[in-house]
Amino acid sequence: MSDSTLRIGLVLPDVMGTYGDGGNALVLRQRARMRGIDAEIISITLDDEVPDSLDVYTLGGAEDYAQRLATRHLTRYPGLQRAAAAGRPVLAICAAIQVLGHWYETSAGERVDGISLFDLTTAPQQTRSIGELVTDPVLPGLTQPLSGFENHRGGSTLGADATPLGRVRHGVGNGVGDGTEGVVAGSVIGTYLHGPALARNPELADFLLARAIGTDSLAPLDLPEVDRLRAERLAAARR
């Protein structure tokens with residue numbers, strides 16, 4: 001944080017918010033405020049340049065046409081790339097993983113160049129992946145299972161300079177048959193988990209918050225309702 005207010009960038013919610021992923025920014029803001037940290041959400045739309053000065057960024061899912069609009073905008077205004085290079089935490093959900101990769105193929109077979117924050121490529125799977133997804137995180141600092149709802153046709157193949165966020169316990173994940181889910185490259189985290197992901201996975205939310213604030217850890221929050229939500233969703237995946 002560069003001042004007393006945590007600034008959360010909600011990137012292109014007008015075209016990349018198909019599955020309510022804007023809720024991730026709300027979760028970050030609320031969990032910061034519950035710890036006495038002033039926080040605000042900066043909404044960055046197609047009418048805005050992408051600033052490189054915010055503390056943490058979130059991007060959500062999108063369909064093909066909206067995904068192409070987002071890719072062009074992030075290419076034209078590379079503030080997100082500069083922020084990531086400076087170590088600012090970024091959370092990319094579903095289609096945003098694909099936009100942040102080297103390239104992705106649309107359902108019509110068009111190949112679109114991404115912005116290469118992730119060393120990965122994405123091509124359509126034979127069938128769409130839909131349902132509850134549970135993974136065991138491999139990112140140091142995360143110890144609890146990650147859960148969410150996946151709904152994607154793309155299958156993402158990680159390159160040598162990318163590592164998975166987790167290993168699939170239930171569901172499909174990246175969709176390329178290697179049991180991986182999500183991707184991590186430096187301060188940038190990608191996942192196919194909807195939910196919103198940070199509402200279901202408070203440990204991941206606090207992981208991002210701690211890095212945005214510049215601390216190793218945060219005091220825990222006692223929120224029994226969040227624990228109940230997690231338990232119910234993890235049980236749903238087993239049914």
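## Strands 7, 9 and 10

In this predicted model, strand 9 and strand 10 (residues 180–181) are paired antiparallel through two bridges. Within that pairing, Gly166 has Glu181 of strand 10 as its bridge partner.

Strand 9 (residues 166–170) also runs antiparallel to strand 7 (residues 120–137), and four bridges join them. Asp136 is bridged to Arg167 in strand 9.

## Strands 4, 11 and 12

Strand 12 (residues 188–191) is joined to strand 4 (residues 90–93) by four bridges, and these two strands run parallel. Here Ala92 is partnered by Gly190 in strand 12.

Strand 12 also pairs with strand 11 (residues 183–185), in the antiparallel sense and over three bridges. Val184 is opposite Ile189 of strand 12. Strand 11 and strand 12 form a hairpin with two residues between the strands, and Gly186 in this hairpin has a positive phi near 65°.

## Side chains of strand 12

In a regular strand, side chains alternate between the two faces of the sheet. In strand 12, Val188 and Gly190 point one way, while Ile189 and Thr191 point the other way. Are these residues of strand 12 buried or exposed? Val188, Ile189, Gly190 and Thr191 are all buried.

## Charges and aromatic rings

Two arginines lie over aromatic rings. Arg111 is over the face of Trp103, 3.5 Å from the ring centre. Arg211 is over the face of Phe207, at 3.6 Å from the ring centre.

How many aromatic pairs are there, taking ring centres within 6.5 Å as the cut-off? The count is zero aromatic pairs by this rule.

Conventions. Residues are numbered from 1 along each chain as its sequence is written. This is a predicted model: local features need pLDDT of at least 70, side-chain atom pairs count only at pLDDT 80 or more; totals for chains, interfaces and linings use all residues. Side-chain values use heavy atoms; hydrogens and water are left out. Rings of Phe, Tyr and Trp (its six-membered ring) pair if their centres lie within 6.5 Å; planes under 30 degrees apart count as stacked, over 60 as edge-to-face and the rest as tilted. A charge sits over a ring if NZ of Lys or CZ of Arg is within 6 Å of the ring centre and within 35 degrees of the ring normal. Two strands pair if DSSP finds at least two bridges between them. Buried means under 20% relative accessible area, exposed over 50%, partly exposed in between (1.4 Å probe, protein chains only).
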